[in-house]
Amino acid sequence: MTTTKKTTKKPAVKTVKSKTSTTPIPNLPINPFAFEVLEAASKQRTKARKIEVLQRYAHDSIMALMIWNFDETAISVLPVGDVPYGTNREDNSMTGTLSDKINDAVDKMNEMGSNSLGSQDQGKASIRKEYRKFYNFIKGGNPSLSNLRRETMFINILEGLHPLEAEILVLVKDKRLTEKYKITKEVVSAAYPQITWGGRSWAL
């Protein structure tokens, strides 16, 4: 009498995706836009990876943004909220808002799933090129400027920037960068230990 050996099947092993899986760090172009760097860092799930992105694409312009946004002693002397825009009225104030114009452009890019303006990208400035002017918008930076002149200068910079760059400046002037990008002061401090926080009125 022959006996047949009973074979037991091993249960299939289920592969569980790790919740801490990281987003690949993109290879950004030379001299990337600030929004490209901040987006890349924001998408990372761990503090270490966010730091890695910020360090890989470190630039004085990125550090200037972080100081303006996170350092409480870097005080904006621009009006809080929407950026005025339009023609000068008799009382030297502005009508309309540039913030809406920027938001509309950003919304359109989101709908298209692209951050590129196509041929319109040509001639658009970047924060990397404009950051040396930031001192004009910080308390003590250029007290000789009138409020109207200062606001006009800020508007002119915004109009020349890529909309996503302009959006960053509108957020940073009110220290609201974290509303869009998942980057904390703790991450910035670890990425850029050369930044000394506090004790400044305008040094960027």
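**Notebook: core, helices and a few single residues**

I began with the largest nonpolar core, which has 51 residues, and I noted that L65, W68, I127, I168 and L169 are those with the most contacts inside it. I then looked up which elements give two or more residues to this core, and found α1, α2 (47-56), α3 (60-70), α6 (147-160), α7 and α8. The element that gives the most is α3, with 8 residues. I keep in mind throughout that this is a predicted model.

**Entry on the whole protein**

I stepped back to the overall make-up and counted 8 helices and 0 strands, so I wrote the order of elements from the N terminus as α-α-α-α-α-α-α-α. Of the 204 residues in the protein, buried residues make up 40%. Among contacts with a separation of 6 or more, I found that 72% are accounted for by residues 24 or more positions apart. For the surface, I noted that the protein exposes about 12,500 Å², of which carbon and sulfur atoms supply 51%.

**Entry on I168 and V172**

I returned to I168, one of the core residues with the most contacts, and listed its partners beyond four places in sequence, which are A34, F35, L38, L65, I127, L177 and Y181. Next I looked up V172, which has its place in helix α7 (residues 163-173). Is V172 buried or exposed? V172 counts as buried because its relative accessibility is 0%. Apart from neighbours within four places in sequence, V172 is in contact with L65, W68, N69 and L177, and I noticed that L65 and L177 are also listed as contacts of I168. I also checked V172 against F70, which lies 102 residues away along the chain, and found their C-alpha atoms separated by 8.7 Å.

**Entry on α1 and α2**

I wanted to describe how these two helices pack, and for that I needed two values, since two packed helices are described by the angle between their axes and the distance between the axes. For α1 and α2 the angle is about 160 degrees, and the axes are 8 Å apart. That makes α1 roughly antiparallel to α2, because an angle over 145 degrees counts as such. I recorded the crossing of α1 past α2 as right-handed. Where the two helices meet, I found V37, A40, A41 and S42 on the α1 side, and K50, V53 and L54 on the α2 side.

**Entry on positive phi values**

I looked for backbone angles to note, given that most residues other than glycine have a negative phi. Which phi does N31 have? The phi of N31 is positive, at about 55 degrees, although N31 is not a glycine. N31 has its place in the segment before α1 (34-42), and N31 is exposed, with a relative accessible area of 54%. K175, also a residue other than glycine, has a positive phi near 55 degrees. I placed K175 in the loop between α7 and α8 (185-191), and I noted K175 as partly exposed because its relative accessible area is 25%.

**Entry on N142**

My last look was at N142, which I found in the loop between α5 (127-130) and α6. With a relative accessible area of 18%, N142 is buried, because the cut-off for that word is under 20%. Leaving out residues up to four places away in sequence, I recorded that N142 touches Y135, N136 and R150.

Conventions:
Residues are numbered from 1 along each chain as its sequence is written. This is a predicted model: local features need pLDDT of at least 70, side-chain atom pairs count only at pLDDT 80 or more; totals for chains, interfaces and linings use all residues. Side-chain values use heavy atoms; hydrogens and water are left out. Helices (H or I, at least four residues) and strands (E, at least two) are DSSP runs, numbered from the N terminus. Buried means under 20% relative accessible area, exposed over 50%, partly exposed in between (1.4 Å probe, protein chains only). Contact means heavy atoms within 4.5 Å. Accessible areas come from the Shrake-Rupley method with a 1.4 Å probe; for residues, only the protein chains shown count as cover. A nonpolar core is a set of buried Ala, Val, Leu, Ile, Met, Phe, Trp, Tyr and Cys residues joined through side-chain atoms within 4.5 Å. Axes are lines fitted to C-alpha atoms, for helices over the stretch in contact, and angles run from 0 to 180 degrees between N-to-C directions. Angles under 35 degrees count as roughly parallel, over 145 as roughly antiparallel, 65 to 115 as roughly perpendicular and the rest as oblique. A crossing is left-handed if the near helix is turned anticlockwise from the far one by less than a right angle, and right-handed if clockwise.
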